[in-house]
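Biologist: I am new to this structure. Please take one part and walk me through its charged side chains.

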Amino acid sequence: MSGAALGLEIVFVFFLALFLLHRYGDFKKQHRLVIIATLLAWYLCFLIVFILPLDVSTTIYNRCKLAVNSSPAESNGSYVTLAPSKQKCFKPWSYIPNGIMPIFWRVVYWTSQFLTWILLPFMQSYARSGGFSITGKIKTALIENAIYYGTYLLIFGAFLIYVAVNPNFNLQWNQLQTIGIAAANTWGLFLLVLLLGYGLVEIPRSHWNGAKRGYLLMKTYFKAAKLMTEKADAEENLEDIMEEVRKVSESIKYNHPLRKCVDTILKKCPTEYQERMGRNMDDYEDFDERQNSYPSEKSLVKLHKQVIYSVQRHRRTQVQWQILLEQAFYLEDVAKNETSATRQFVHTFHSQEPENKIIRYFYTPSVEWYWECLLRPWFYRALAVVLATFSVIVVWSECTFFSTKPVLSLFAVFIQLAEKTYNYIYIEMACFLTIFFLSICVYSTVFRIRVFNYYYLASHHQTDAYSLLFSGMLFCRLTPPLCLNFLGLTHMDATISHKNTQPTAYTSIMGSMRVLSFIADGFYIYYPMLVVILCIATYFSLGTRCLNLLGFQQFMGDSEMTSDLIDEGKELIRREKRKRQRQEEGENRRREWKERYGNRDDSTRNRVVHTDQKESSFSETNTNRSLSKYTRSNGRTERDRIELLQDAEPLDFNADSINDDPLEADSGR
């Protein structure tokens, strides 16, 4: 089993990252480089979370071997070993041979740092650029990131000059590398505590509220009202952008040098707009070089960027509106079926997606009723209690993990108790659950937050390239300090435990934080305590209230604006429900008509075809006779019509009034 667990988790995490990326991204429409870069960033971050428990169990086993093979007063290199134990050291089932983990962590860590600080910011600007060529997009990306990269180079250069001039500092390359890692982890820890404080409260509360049917339905109505406003704004914005594209397309003809750029913009437009512009386009007109009203290439680049953004936003709001309608209809069905005497779940509308026969075989209407109306609320309440207990343990450990005598961090107590008996299964499970819960609190906040319309992770393949790359940047910057914080909570970090024991392979590549003592002994220890203040602020919804005061409507039960939006959303859902019902009634009537009269129509059609075949020869002879009979009269009638049109006088539109007679004007002359 040596290394088998590592290989299995590497494969499993890859498919997990691929599944999540497929849910949020669009493999068919988005650029392959964007998909590959985002997949790599997510994969490396998830890999750190899943592999770190194996590193902890392997480190505990190596410490046991050192303790058994060393005397109480003996020191092994730079690590002081403990007294030998009478119990033999059992190799864990997931043991990873020496030398593999340091190389593995070094490759994973530095690759993720290269992505988050260099490659992904450049690809963000490249993806949002409106350039029409690769060189144009690269130039735009370099210009936009010049300040970004220049700031880091300036800070790093100033630090090197300070170290070179000051004789008290004698830093080597490893120490400079550690300082860079400490700076990146400090930035990540600052953001980590903010996201963690929100997730520790919001995740248990959201599951507790998930058991309230009325709460979820009211919140869905609220979302419907907000989404309808955003949907109307997106449609209006798309119409304005398409009007500008139409004007540009009509002004720049087929032989203009910038016509290729216009064609590229037209390809990004929706199909109905492309057809409309194609009908109104006259490509046979040459452009006049003397005119000065032609747009420049720079303005076309800006227009191209606006088209990409507006089309993506319009498509996203359309899909989200349909998904929200399905959720609202389903919650209304749950509310109706709660009082059902038959205990059979009845849907108002049939699912638009094809149903899986295996799922429908086991998940019958009776099972669905018991789950949705009876068991699911209690399950969500129990899960909320478990998650709230985990949150309390995390908050307590974040405030006390620096205490080593006595050990107050509950996670450290659990790991040390398991370490005495070398129960590796328990150690790995405890480590995995701890770091997995921390990751869920942080990553779920990344998936939930929305920075206006610039960053927004939307499911069902509706996330744009910029947001995908930005999420990859956040994951790569948050995961290393998250893992260091986990090692501090469990006292596996020698900087926290103050023991000169063998560190984990992950800690070894970070270097000794003693180079920057004010960060190791100050910021890393006391800053995580702010999570208490953030949890209190989240519990009382202070952030939501502030956003509501600033004009950003948030769901608050005691707000008049919230009540108005709920009523508006309820009316919108009712209107869409009536529309859906009329559509289904029309489809049912057409289906019944086909089932009732379809056979008669088929038999009548066959009878008519058979009759036509019999009378084909007779009709041909009659046609010839009728042509010879009526050709002369039709020709005479057509000649009479032509003579009448020639005898009519033309109407003079230049007369002073309708009653003016042109003949009288001629006679007057």
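**Charges along one helix**

Modeller: Asp240 sits in helix α7, which covers residues 213-251. That helix is our part, and the model is a predicted one. Asp240 is partly exposed, with a relative accessible area of 42%. It belongs to a patch of negative charge on the surface, together with Glu236, Glu239 and Glu244.

Now for the pairs. Side chains of opposite charge can pair when their charged atoms come close. Glu235 and Lys231 do so: their side chains form a salt bridge at 3.2 Å, N to O. These two residues are four apart in helix α7, so about one helical turn separates them. Their surroundings can be compared by accessibility. Lys231 is buried, at 12% relative accessibility. Glu235 is partly exposed, at 30%.

Next come Arg246 and Glu250. Their side chains also meet in a salt bridge, at 2.8 Å, N to O. Both residues lie in helix α7, four residues apart, about one turn of the helix. Arg246 counts as partly exposed at 25% relative accessibility. Glu250 counts as partly exposed too, at 30%. The pair has company: Glu243, Arg246 and Glu250 are linked in a network of salt bridges.

For the wider setting, the structure holds 12 salt bridges. One of them lies in helix α21 and joins Glu576 to Lys579. Its N to O distance is 3.8 Å. Here the partners are three residues apart, again about one helical turn. Glu576 is buried, at 18% relative accessible area, whereas Lys579 is partly exposed at 38%.

Notes: Residues are numbered from 1 along each chain as its sequence is written. This is a predicted model: local features need pLDDT of at least 70, side-chain atom pairs count only at pLDDT 80 or more; totals for chains, interfaces and linings use all residues. Side-chain values use heavy atoms; hydrogens and water are left out. Patches are made of residues with over 30% relative accessible area and no salt bridge: like charges are joined within 9 Å, nonpolar side chains (Val, Leu, Ile, Met, Phe, Trp, Tyr) within 5 Å. Accessible areas come from the Shrake-Rupley method with a 1.4 Å probe; for residues, only the protein chains shown count as cover. A salt bridge is a side-chain nitrogen of Lys or Arg within 4 Å of a carboxyl oxygen of Asp or Glu. Lys and Arg count as positive and Asp and Glu as negative; His and the chain ends are not counted. The place of a charge is taken as NZ of Lys, CZ of Arg, CG of Asp or CD of Glu. Buried means under 20% relative accessible area, exposed over 50%, partly exposed in between (1.4 Å probe, protein chains only).
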